[in-house]
Each structure stands twice: as structure tokens, then as C-alpha cells.
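Here are a few exercises to work through with the model open beside you. Try each task before reading its solution.

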Amino acid sequence: MKKLLILAVLAVIVGAFFYFDLGSQLTLENFKARQAEIDAIYQQSPLLVIGIFFVAYVLMAAASIPGAAIMTVVAGALFGLVTGTIVVSFASAIGATFAFLGSRFLFRDWVQSKFGDRLKPINQGIEKEGGFYLFTLRLVPAFPFFVVNLVMGLTSIKTWTYYWVSQVGMLLATIVFVNAGTQIAAIQDVGDIASPALLASFAALGLVPWVAKWVLAKIKSRRAYAGFTRPAKYDRNMVVIGAGAAGLVSSLIGATVKAKVTLIEASKMGGDCLNYGCVPSKALIKSAKVAQQMRHADKYGLDQAEAKFSFKAIFQRVHAIIAEIEPKDSVERYSDLGVDVVQGYAKIIDPWTVEIAKNDGETIKLTTRSIVIAAGAEPFVPPLEGLEHSGYLTSDTMWDAFVQMDEMPKRIAVLGGGPIGCELSQAFARLGAQVTQIERDDRLLLREDEDVSALAKQSQMASGVRVLTSHNALRVKVADGEKQLIVEHDGSETAIGYDALIMAVGRKARLSGYGLEELGIDTNRTVVTDDYLATVFPNIFAAGDVAGPYQFTHTASHQAWFASVNALFGQFKKFKVDYRVIPWVTFTDPEIARVGLNELEAEEQGVEYEVTTYGLDDLDRAITESETKGFVKVLTPPGKDKILGATIVGANAGELLAEYTLAMKHGLGLNKILETIHPYPTMAEANKFAAGEWKKANKPEKLLEYVEKYHNWRRG
């Protein structure tokens, strides 16, 4: 009702303006003809005339009615330069703010709900530098001020900021037009004032803030580089530290665009993903899944059989798979692609110099235009009493340790309830180990919704994992020759005996040994970067796990594009890294895959949503595969098919998620998924059926009532 009332008032004001043809009164000719009469009234009652003029100006600006330029000139003719400038300056700023507030109240929620994803970068820019952008626009009269009012009302800029920036930004143009009014006899048309030369001058003036910003950036850059001597020439265009996903992609992009690039890696090419993470863990998970399927073969009408295997052979297979994929990330391949690969330890000596202690004992220094730090991450090991001498393993060290064992440890304790902890716990339990998984929080997979965490815990237990949530690890000790992990729960301590202890409580960025501290590069859990992945030094970038905020191979590759392109071509154009659509998968059985918001995050961010869920127990292909555990859950704005996020729990969830990732990336809603033909019978049909569930929940009930009546009428 309030919106309707405001729209009605605006309609009346605008309608009256045109109905009474007030626009014909707002001309220089009309004012000149009546100037003596109006001036006489002003001399008799100056405050009354100023008050009426002030209110009229505010109303015109608030209602976005044309004529502000004429009114400003008239103010100069009537009130003189000083008084006219004061009156118009405040009236225009107040009127503009009313128009701004009206636009915000009437249209912002609708615009943001409909185009929120596309406007997100603009909203972020306005939040950070809205006053700067507004000031620039206000300096240039060529931009219609009423358009600025209406458009800025759709953003999140603060009202007070909008008012005072408008007041200051419009002041110069106000003075020019008011001063012209003091010489009104010489003016035949407003165009005489707003000449192309004057508008060009204002446009040039509008560039001043941008020039100032550029100068300040240069000053900031010079301060960052103070005390360092820039080389006269450079050995390389770019040096990349670390040959994981981010480093490999960065160096490949550099070589592809014919830059001279050196890639430095002290350990194994391929980084954590190939050697310790994604590849070996998925190989282990596959072996464990086959063992589980054999154990429960009766689900498929077959005789049950206990899998017989060699623990060493399983890990030899893991290493064989690593070796099969390894050539894709090898020194030879990247050398053939044009990358100079150096095996050794890198240290940044100054912003343009990298010292390399090569693995063969030689030390060399390279000067470079830019540097990309892609050092990755390593397992976080909590400071537990007695842990140092316990022989614990991590998700990095276990692969080489277990391949040396002839038999699997009977009792394995896994500390951590995140994705890595869940994947490893389930795999070892399915291979027959007695696995105890310890998590200090009250549920597994804290970043997922509670129903997802509950299903994950149920799956872990069904696989034979003993899950202890709300248990806090205190210390490690040896009692009567048995290794024990002491945990606390509800105030009491419990000893968990184990033969192998795996630390899986998360990963931390590798920050030491690269010279970051000496250079003064900020680190706070990760290398601190700006929106372009640059550090405090504009030529030094970071990408991948070392930069955060996500520790996924695919986000490392994603960041690498931005870091390398900005490093090599940032002097022409810089690109802000885009995190709007980030998918991830936890490879337990069933898999847990997600992109965008889940319910937990939507509530934390205050995003309104509705939930559509489709259970896989209804899907024909899932029934034929005996894989009915799980669901597809989609978040959308109330009454709209726009996808805010999707969570899939079930067999092949990681593959099914790709459809939602594509849809979100390109702004496609559930209606588009529903309209797409999916082959039958496939797991991918779950996505279409989830869209169908949304459609049923949002069907036009009232319209269907009329349709029913129509059909009844047609039957006679």
C-alpha cells in the first residue's frame, strides 16, 4: 500500500506538470518576460519567494521532472551568486536524495531479486567505492542527474553517503549555472551555458578522480617498492613457485602466450592432488567400494563373498595409478610446452628476484617481471601432547607408509570429521579395519546442511565406522604397550586404542620458507591478496590453496587464470577473480556434491529461499542400481525458478552436479532443466524430476480452477 501511495503521489505530480503545461512556463523567455514582476515580489517577501522556490525545486528533482537547469539559472538571476548557489545546492541534493529513496523503496528489492547474481559484482563495487563512482558521475553534467538518482537507488550505497557526495559533486556545476543566471540578459538558451566546450571541460574534470586514484595507486606501489632496486632488465616474464594445479596452469598459460616462464618445484610435480589427495584417495575409495559390493552382493542377486586382498597390492595399485597420470604433469611435458622447469626450493629475495636452491646443490637467481606464489597447502597437525613421538600419519604421509606394510593396521583412528576424514574412514572400514572417527563438533561435515550430515554419519556407521562426534582429542599416550588417543566427551575422558593414527583435521597454507615474512607480504592463514589475487606488491600474485578461500583443485586452476593473466597483462586490463559458482564434492558413498548456497548458508546470509527435494528412492535408474539412498535438494527464491544452490547426495552425485553448475553459471532456471530431454533411465533424470517437484509446488492454483471449469463446460 505504501508503494502504491508513493506511485500515486508521483503520478499526480508528474500528471499535473504535463496537464497544466508547466513545462512551457519553465523557459528563459517566459522568465525574462516576467523577471521584473517576480523580482518585485522577491524584494517585498524574499524569504517567501526563496521558500517557494526551494520547495518547487525539491519536488521537481524528487519527481525527476525536467527543468532543473532553467531553475538553476533563474536562481542566479533572482538571488545572486551566493544565495542562489546555497539554495540550489541544498534543494538539488535533497530532491535527488528523495528520488534516490523513492527508487530504492519502489524498485530495488524487485531488481535485486531478479538480477541479483548479475548485479553482485556491481553491488560489491558500490559497497567498496560507491561514493567515488557517484562523485565522478556528479562532476559530469552530461550524465542526466535524474538517471543517476534512479539507478543509484537500486544499489546498496548508504543514504547519507549518497546525500553528501551529491551535495559536493554537484556544487561546481551549480555555481556555473547560477553564475550564468546573474548574466541572464546575455543568455538566449540553456545551450549557451552547457556548450560542448563546457561539457567537455566537465568531462575532463570527471576524469580527475580517476587520475587521482591512479596516482594514489602509483604512490602506494612506490611505497611498497621503497628500498628495493628494480632491475634494468629481466630474465623472465613470470616465475611460478609450486607445481600443483595452480602452478601448472599458471605456467602453461604464460608459455601459451609466449611469455618466458620458469616453474619451480622442490618436490613432486603435480602437487598434492596428484600425489597425496584427489588421485590416490579416489583410487583407494574405488578398491574399498568393490570390497563393499562383494560383501553385500546379495543386493544384486549374487552370492555374498568376503573380499580377499593384499593390503600392499591395494596401495601398489594406488601408486600405479599415480604413475599413469603423472606424465601429464611431468617436467618433460611442461618443458616441451615451453616452460622452463627448475627442481629446487624458491625464495623471493626482492619483488623481482627469486633465489632457487636447486636439488642438485646449485644456487641460481632469476629476475622476473612478475611472480605467482602457488605453494599449496599441507595437513594441519594439532598440538596434542605426546603426538610428536606417536608415529602418526597424515593424508600426505600415509600413502608411502602403507605401501610398505604387508598387512593393514587392524585398528585405525581418524581424527577429523571433514571431507578427508570421512572419505578415509569409510574406505578403511570397508577394507575391514576397525575404524574410529573422532570429531570435536556435534556433527560431521559442518559446512553441509544438518540432513546431509545426518545421512553422512548414517553411511559411515553402515560401512562399519565408529563415529564419535562431540569428542575432543586431548593427548596421545602409550599404556601397557598400546598406543592410545585420549578424548574428552561430556567432561569424562576415554582412551581409544589404535594401531595407526591418521590426522585429517584440515589443511593449512604453506607460508614459510619463501621469503614472504622478510618482504612484508601479509599472511593470515593464507597469503593476503586483493580482488585480482595481487599481494601488497602489485607484481606478486598468489593462487590455489596458499591463497584460499577454497582448497579445491578446480578452484586452484580457476584462480591460476586470473593470477597469470593479471601478472602478464595487468598493465592493460585486470580481472577480478570470480567465485560466484563453485562446486565441490565429498567422495564418500553415497557422494555429497554441492554448488551455490545450502540452507545453512542461506540462513546465515539472510537470503530468502524455498526448498525443493526429490528422493532418489523414486528414481527408476537408482532402483535398478540398488542406489536409492540420497536426494536432490535445490534452493530457489520464493516463487521463482532461479537456482540459488543445489545439494545432491547419492551415487554419482559429482557428475549429476555439473548440470546445476552449468545452469547457475549461465543464469538458467529450473524451468529450463525441466524442458530439457534427459535419457531414460539415467541418474541424471533426478535433476529433471527435482525441477518437476518445484513446478508442482508453484503451479498456478487459481488459473487451474478456471481451466477445470473450462473443461467441465466443454464436456457439456
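**Exercise 1. A charged pair**

Task: Decide whether E601 and R594 are buried or exposed, then find the distance between the closest N and O atoms of their salt bridge.

Solution. Start with burial: both E601 and R594 are buried, where buried means under 20% relative accessible area, exposed over 50%, and partly exposed in between (1.4 Å probe, protein chains only). Next, look at the side chains: E601 and R594 form a salt bridge with the closest N and O atoms 3.0 Å apart. A salt bridge here is a side-chain nitrogen of Lys or Arg within 4 Å of a carboxyl oxygen of Asp or Glu.

Before going on, a word about the source: this is a predicted model, in which local features need pLDDT of at least 70 and side-chain atom pairs count only at pLDDT 80 or more, while totals for chains, interfaces and linings use all residues. Residues are numbered from 1 along each chain as its sequence is written, and side-chain values use heavy atoms, with hydrogens and water left out.

**Exercise 2. The sheet around R594**

Task: Work out which strands pair with β20, and in what order the strands of the open sheet run.

Solution. Helices (H or I, at least four residues) and strands (E, at least two) are DSSP runs, numbered from the N terminus. Two strands pair if DSSP finds at least two bridges between them.

1. Take β19 (residues 583–586) to begin with: it pairs with β20 in the antiparallel sense over four bridges. W584 stands opposite R594, and P583 has V595 as its bridge partner. Four residues separate β19 and β20, which form a hairpin.
2. Now turn to β23 (residues 645–650): it pairs with β20 in the antiparallel sense over six bridges, and E591 stands opposite G650 there.
3. Put the strands together: the order is β19-β20-β23-β22-β21 in an open sheet of five strands, with antiparallel pairing. The edge strands, β19 and β21 (610–615), each pair on one side only. From one strand to the next, the twist averages 10 degrees.
4. Finally, check the burial of β20 (residues 591–596): six of its six residues are buried, so this strand is largely enclosed by the rest of the structure.

**Exercise 3. Two further salt bridges**

Task: For E599 with K633 and for D272 with R507, find where each residue lies and how far apart in sequence the partners are.

Solution. Begin with E599 and K633, whose side chains meet in a salt bridge (2.9 Å, N to O). This pair links distant parts of the chain, with E599 in helix α19 (residues 599–604) and K633 in strand β22, 34 residues apart. E599 is partly exposed at a relative accessible area of 21%, whereas K633 is buried at 2%. One network of salt bridges that share partners joins D272, E378, D396, R507 and R510.

Within that network, D272 and R507 meet through their side chains (2.9 Å, N to O). D272 lies in helix α10 (residues 271–275) and R507 in strand β15 (residues 507–509), so the pair ties together parts 235 residues apart in sequence. Both D272 and R507 are buried.

**Exercise 4. A helix residue**

Task: Which residues does I175 touch, not counting those up to four places away in sequence?

Solution. First place I175: it is found in helix α7 (residues 171–181). With a relative accessible area of 34%, I175 is partly exposed. Then list its contacts (heavy atoms within 4.5 Å): I175 touches L81 and T85.

Methods
Axes are lines fitted to C-alpha atoms, for helices over the stretch in contact, and angles run from 0 to 180 degrees between N-to-C directions.
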